[in-house]
Each structure stands twice: as C-alpha cells, then as structure tokens.
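User: I'd like a close look at a single part of this model, one chain by itself, before I go back to the bench. Please walk me through how that chain is built and how its pieces meet, in one connected account.

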Amino acid sequence: MTDLDLSRVWLIDPVAGREGPGELVVRDGVLEAFTWLEGSDAHGVDDLGVIVAPGFIDLHAHLREPGNEDAETVATGLAAAAHGGFTTVCAMPNTTPTLDEPGVLAAIHTAAAASGSPVELLAWGAVTVGRAGHTLAALGELADAGVVGFSDDGAPVRSATILRNALAYSAPLGLPVVDHPEDPTQTEGAEANDGFVATVLGLRGWPAAAEESAVARDLAILGEVCRDVPGVRLHLTHLSTAGSLDLVRRAKSAGLPVTCDVTPHHLALTDEWIAGARRFAWDAGLDGPWHDDAIETTPFHPSLRVNPPLRTSTDALACLAAVADATADAIATDHAPHTEVDKAVEFGLAANGISGIETALGLVLAAVDAGHLTLARAVAALTVGPAAVLGGRTRRAGTVGLVEGRPADLVVFDRSDRWTVRSDALASKGKNSPLIGIELGGRVLVTMAAGKVAYEAPPD
Amino acid sequence: MTDVIDGRAEAAELAVPSVDVAPGTQPVGWRHRHLLDVDGLSIADLDLVMRTADAMREVLARPIAKVPALRGRNVTILFYEASTRTRVSFEVAAKNLSAEVVNIAASTSSVTKGESLVDTVRTVEALGAQMLVMRHSVSGAPYLAAEVFGGSVLNGGDGWHAHPTQALLDLYTMRSRLGSVEGRKVVILGDVLHSRVARSNIWTLTAAGADLWLCGPPTLLRGFEAWAGRGAAAGRRFHVTSSIDQALRDADVVMALRIQKERMASGLLPSLREYAARYGLTASRLAHAKPGALVMHPGPMNEGVEIAPDVAAGAQSVITDQVTNGVAIRMALLYLLAGVSPT
C-alpha cells in the first residue's frame, strides 16, 4: 500500500504552524495533495480522533547493534520506531565496538538497508575514542562519513577540557556536541532520584544537583567557547530536573547556542512508580504515595531503573513546562532496550533504561489530555524541534512539514483509540517497559517514511 | 517494674493463639502471604504478631521448647549477606516449630556469570522449599523472589530498605518492658542512612504511636527530615535532630545503631574516634534519659564506638532480651505465614 486517502481528519503542519480539519492524499508514495477544510466541510472534525502529522524524529535511541543484538538490532529498532510513529531515528554510539570511527557507521547503515525499513537511520559519533573520555575520536572523519554530531551518551563527557575541545573542534564541521549531564562523583552506585521515595525504600540517591552541576559546567564552557569560535552548538539530552531546565532557559535568553531534550518518561512518570504507585506525574502530589494510598502494586520494579532516574512530580511538571515554552526543543525517547537477563534482576543490579520508542506518543498524549501541553506543541517537539537540532542532516531537510509533491513521511494515529501495552505488542526486542499492562491513547494506524509504509496497524 | 508485669498480663488476656495444635491449623486474622516490609502491616496485624509472640515465649520457657506447628514444612534460609545472629535466630525459630530447615549461603558476586536470584529461588523451590527466609544486600530483592516463589517469603533484611523481623522484635521488647509505646520517646541513634533496622522501626514505632526521634550527624540522616515532615503531616510523631542532648532528654528508649568502617572511606564521618566522642551512647549521656530508660542495639555491636561497654552490659540494657525475643517473633511470623502459605 503506497496509496492513502484520508478525508475529514485533523492535520497538523508544524512547519506552517497550522492545524485543523483537512484531507490528505498519497499516491504511489507521494504526498499528492493536502487540503485544509473550511466552513461546513470541517464541521464535526476535531483533534480527538484521527490525526495526521509529519513523521516523528527521535534524537536519542539505543539500537544496540553492533555488539548487543540480543537486546535490539537495527532492524527491530527501526520496526519499533515505525510502530511509535517515528520516521527518523538517531542512534547513540555506545555500541560494541563504539561508533568512534566510520567503519561502524557503515555497518549500521548496511544493517538498516538490509532491514528493508524505510525509516531513516542517523547516528551520533562518539566524542572520545571508545567513549573513554581521554582522546578525541576522529570527529572530522566521522563528520565526512555522515554522523549528525557527537556524544559519549551513556556517560557524560567526563573531562571539561575534552568537552571544551570537542565543542570547538566540531563547530566548523557544523555539528553539535550532545552531552549527557551527570557529575559521576555524585552518582556512584545511585539507584533512584535522591528524594523521599529513595529515602523510604533505602535506595542510593541520584541527586538533582549531579545533573544541574553538570549542566552548569557545560553552559559555562559553552559561554566561553562560543565567544571565540563561530558555529559552536551544544545539545543537552534527557534533562530531568526543574533546575536543569531553568539553567537552559536562562542560557537561551542570554543567547547561548544551546538546545535540549526531555524524555517522555520524565514528562509523565515519577519516582513514586518505584514505590508501586501508577499515577501520572500531574496526578501526584508532593506528599508521596504512602500517605495518600496511591500504592497499587509491588515496589522495586526493575523496569523503572533508568538514568537519569525518574524524578518528582515537580520536576516532571517543569519538564512539561519546558516543552510548552520551547526551552526544551525536542522530546527524545532515550529508547534503551535490554534483555530479560539484564532486567529481571534485583532493582539495584538491573541495567538502566526504558524501552520507550513505542510508548512515547501515548505518554505525550496523556500529558496533552491532562492539559499540560498543546497538541501542536507536542507534535512540534517531535518533529520540527529535533529537525532544527539536526540542522540539515536528515533526508527531510526543509521538508519536515506536510509538503505536496514530496515522498510521504507521516504518521496517522487515532487519539481516542486506546491500546494496552503488552510485551507482544512491542516490536522492540526490549520488553523493559514500566507501562506493560497500562492503557495508552493514540494508537498508531499508519507510519509512512520516504513514501513507503513503515508500519500499518493490524486489522481489528 | 509492675508496669512490665501488667503489660504482659494484659496482652495474655487477649486471645493468645494456640500453638499446641496439629500442623496446618489456620491462625485467625492473618492475611499476608509474605512478610517483605512492615509498611503494609495494620495495628491489628502488629497486635496479632505480638500476641502470637507471647505464646511463643511460653513455648520457649518450657523444658522442651518445641511444638509441632510446622512439622513437615521446609523452611529454606537463603542468605546473600554474612549474618550470624539473624540466620541462627531464624533457624532456631523454625526448628522450635518442628520445620525442616535448609541453610544456603549464597554470593551476589556472581550475578553476571552465575545463577540469577530468580533461578536460585526456582531451584530452592524445586528442592522443596515452602517458606523462604531471605537476606540480600540489594534493597527490594525479596520482592523479586516473592514474584517467582510459590510459597511465603520472609524478608530477613534487604539492603538499606527493611528488616521487618528486627523491627517487630524491637517493638515486642519495648512493649514487654513498657506496656505500650504510645507517647513514649524512642530515640534511634547513629547511622540511620544505611540502616534497614531504622527504616522498619520508623514504620512500626510511628504506627504504634511512639514519639520517634532519629539522631546522628547530618551526613547519616540525609533525606530523613523530609520523611519526618511528611510523617508529622500525617499525624505521626517523628523528629530528626543532630543534637544528642535534645534527642536523649527524657527518652524512654535509646537504640544505638552499628557504625561501619566504610562510612569513613566514603567521607561521611571523619573518624570512629570522633563519632564515639560526639554520638557514642555513654553512661553520662544516658543519664539525660528517663531513669530506667531502655538501652537497645540490633547487633552486632562495636563496643566503645556507638555504645560504651558498661552501657551495653548495664542494668538498663535489654540487648539480650532482644535476642531471645527475636526467636519468639520469628516463630510467631513463621507460624502466621504458614497458615496462609500454599502447601
């Protein structure tokens, strides 16, 4: 099926900044026409039903290939992306071997081609050789080979001097450096957000200050480097605390070339889930789940172990506010699939990470339903926001919106069609989702990438 | 000490469960299959455990301290952390109830190469375990075991999280001596941050109406002020202080916690010498508490560090009571859980 006829649906074009009732036609994979409906034709079409948006762009996913193919492969990762409505995925370089030289990039591009998936695979190269933090990776060669920027994600760029040099060196390459902000001296052995829940459960705390001091360090360095070197760009990924977002907000208003993203799980979930609560961040208070009877299930579920950790409702609401006011440029999934062997263990021994690319839309829509984001802003943070971080380095450069005459790259989802997250409903090999058994809205009906069907919901 | 006798007598008047019964008889009023934490125990649950422990104390006073309640049951004791007193206490308790006891000392060091906890639990179950007593260095580990184990899991201490039988034996010891802990000033002194004993005692003592005080240097109380604040908001009497004078003034019970040498390496304390000087429970400090205030310690003690030897062995010390009561409490819990455990 490379034809699609959608009449009387809700269209969202984040490039034009417009949304409303419309019709859309795809013929032979090409977006032949899309039309806004006016007046009586538009009557009865609202944004609670079938919605069409440009395909989503994920700045942050772990596809585990090469080296950890039992957790995920490029093929299963791209299938999961398509199921989640994503048509462009940026893979993180913390594979084995590390993506710190062009050969590894070629290998994953070969795997993507072999998968037959039309989803666009992009990749970050490592900042340092082996992500060990000591010497710069071959940044220029990686840029020539097509990486979209550099990151040692999984760990911060430990040395401030290396970060400074990486920012400066990558500026003329036109690429950003992506940092995972964490001061490791504050997080040794950390298991959960340093707060009330961790205190009660006896988990080692991961303080907000460990992230915020790293963000402050990065911004201070950026402030100096950008005075001397034109074109420097810093992107901070998976920010999780109110304080971090405040720092970025101030840096942006001071004109620093910084962008950032937040994850769906930090928008919607809190550390209360580790205690056994199962309510979204905006429904949680500050008193903790024990005193208001919010405990629904057993505590310590290893699927909730993630880095940075799930924070408090105050932090989650700050993340939502940051998406709303565009302090956060993008919502990125930090999709981190793991095998059962690595996850079905004691909480403190479980691998960090949530398999999240297929539940991202559902969590974001839950926040929209609760009134914490507009639909348009949520879609922008999944499309034009990340596209701007990538600059021109996607095949959709300049065409992230719904553009007539171009190969269709879009997602069709039904906001009111709820689905239950089950292991066998996830295309990812990583079944490590804390949302297993939970119902989410916005079931994806069709994902088209580069004019081809990447995902189509099975008939009921 | 008349109040002690009265307290015991009052408890005994309530329906003391009969333990001189055939195996398989159901205790009335207990509904928990596992004992993983104490946060889910109601006041009625606490009372039932205490009354059952009273009955077990009577058994322990007999010439032959043995009843057939758990005859034919397999109680497997799986300890991932070194322990002598808790393991032996569980073993004695299970044997007093005529259970078959299997002891396994396991190692967490081989988690990546060796057998996972889930596999180990499935293996011990296949070998006949019906009740699993478990100690583990990672907080929450018994919840994972309970997910896969077909019988009952008793948490014998997990990481910093919980030590339910210790908190219950502590409450039992206090009630035995004081009658009730309602309104009594109870001080937990020392390394609260790393203490599962402190965390479990917070739940049980505040639920039972004690006026609870946590005391230690701020580095070892990190995060507990927030817990105390929320507890107070919920009507519980719960305070945190680094002033040992304020904590000990008119206290009814002082429980000292073990200080481990690792705390110096991680920069939480300058030295054991300095800790002993500032927070050690000495006779002169104890004099600020109420006359006859109880001195407790969950063991093992570092005498001369968190507690002076003369205080540990003094007239106010109930530390050996804690050990004896520990057997009674563990007998009570094994008995209660066996009643709801699938066989």
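Analyst: Let's start with a term that will be needed for the helix crossing: an axis here is a line fitted to C-alpha atoms, taken for helices over the stretch in contact, and angles run from 0 to 180 degrees between N-to-C directions. Please keep in mind that this is a predicted model. The part I have chosen is chain B, and I'll go from the whole chain to its sheet, then to its domains, and finally to the side that meets the other chain.

Chain B has 14 helices and nine strands. Of its 343 residues, 51% are buried. If you take the contacts in chain B with a separation of 6 or more, 79% of them link residues 24 or more positions apart.

Now for the sheet. Five of the strands of chain B make an open sheet, and reading across gives the order 7-6-5-8-9. The pairing in this sheet is parallel. As general background, strands of a sheet pair through backbone hydrogen bonds, either parallel or antiparallel. At the edges of the sheet in chain B stand strand 7, residues 238-241, and strand 9, residues 294-296. Each of these two edge strands pairs on one side only. From neighbour to neighbour, the strands of this sheet are turned by 20 degrees on average, with direction ignored.

One edge of that sheet is worth a slower look. Strand 6 of chain B, residues 211-215, pairs with strand 7 of chain B in the parallel sense, and four bridges join the two. If you want a place to put your cursor, try B:Leu214, which stands opposite B:Val240 in strand 7 of chain B. A helix also packs on the sheet here: helix 8 of chain B, residues 224-233, touches both strand 6 and strand 7 of chain B. The direction of helix 8 makes about 155 degrees with that of strand 7 of chain B. Remember helix 8, as we will meet it again at the end.

Next, the domains. In the domain assignment, chain B is divided into domain 1, made of 13-162 + 323-340, and domain 2, which covers 164-319. Taken over C-alpha atoms, the centres of domain 1 and domain 2 of chain B are 26 Å apart. Where the domains meet, 23 residues come from domain 1 of chain B and 19 residues from domain 2 of chain B. On the domain 1 side, helix 2 (43-60), strand 4 (152-158) and helix 14 (319-340) of chain B each supply at least two residues. Sorted by class, that side of domain 1 of chain B has 11 nonpolar, seven polar and five charged residues.

Helix 14 leads us to the helix pair I mentioned. In general, two packed helices are described by the angle between their axes and the distance between the axes. Helix 6 of chain B, residues 164-178, has an axis that comes within 8 Å of the axis of helix 14 of chain B, and the two cross at roughly 120 degrees. The crossing of helix 6 and helix 14 of chain B is right-handed.

Which residues of helix 6 and helix 14 of chain B meet? From helix 6 of chain B come B:Thr165, B:Leu168, B:Leu169, B:Asp170, B:Tyr172 and B:Thr173. They meet B:Asp321, B:Gln322, B:Asn325, B:Gly326, B:Ile329, B:Arg330 and B:Leu333 in helix 14 of chain B. By class, this helix contact has five nonpolar, five polar and three charged residues.

Last comes the side of chain B that touches chain A. Here 24 residues of chain B are in contact with 21 residues of chain A. Four helices of chain B each supply at least two residues of the chain B side: helix 4 (117-126), helix 5 (141-148), helix 7 (196-207) and helix 8. The largest share belongs to helix 8 of chain B, with five residues. This side of chain B has 13 nonpolar, seven polar and four charged residues.

Putting helix 8 of chain B back in the picture, then, you can follow one element in two settings: helix 8 packs on the sheet against strand 6 and strand 7 of chain B, and helix 8 also gives five residues to the side that touches chain A.

Notes: Residues are numbered from 1 along each chain as its sequence is written. Chains are lettered from A and ligands numbered from 1 in the order in which they are written. This is a predicted model: local features need pLDDT of at least 70, side-chain atom pairs count only at pLDDT 80 or more; totals for chains, interfaces and linings use all residues. Two strands pair if DSSP finds at least two bridges between them. Two residues are in contact if their C-beta atoms, placed from the backbone, lie within 7 Å. Domain bounds come from an automatic or database domain assignment. Ala, Val, Leu, Ile, Met, Phe, Trp, Tyr, Cys and Pro count as nonpolar, Asp, Glu, Lys and Arg as charged, and the others, Gly among them, as polar. A crossing is left-handed if the near helix is turned anticlockwise from the far one by less than a right angle, and right-handed if clockwise. A residue is buried if 20 or more other C-beta atoms lie within 10 Å of its own, exposed if 12 or fewer, and partly exposed in between; C-beta atoms are placed from the backbone.
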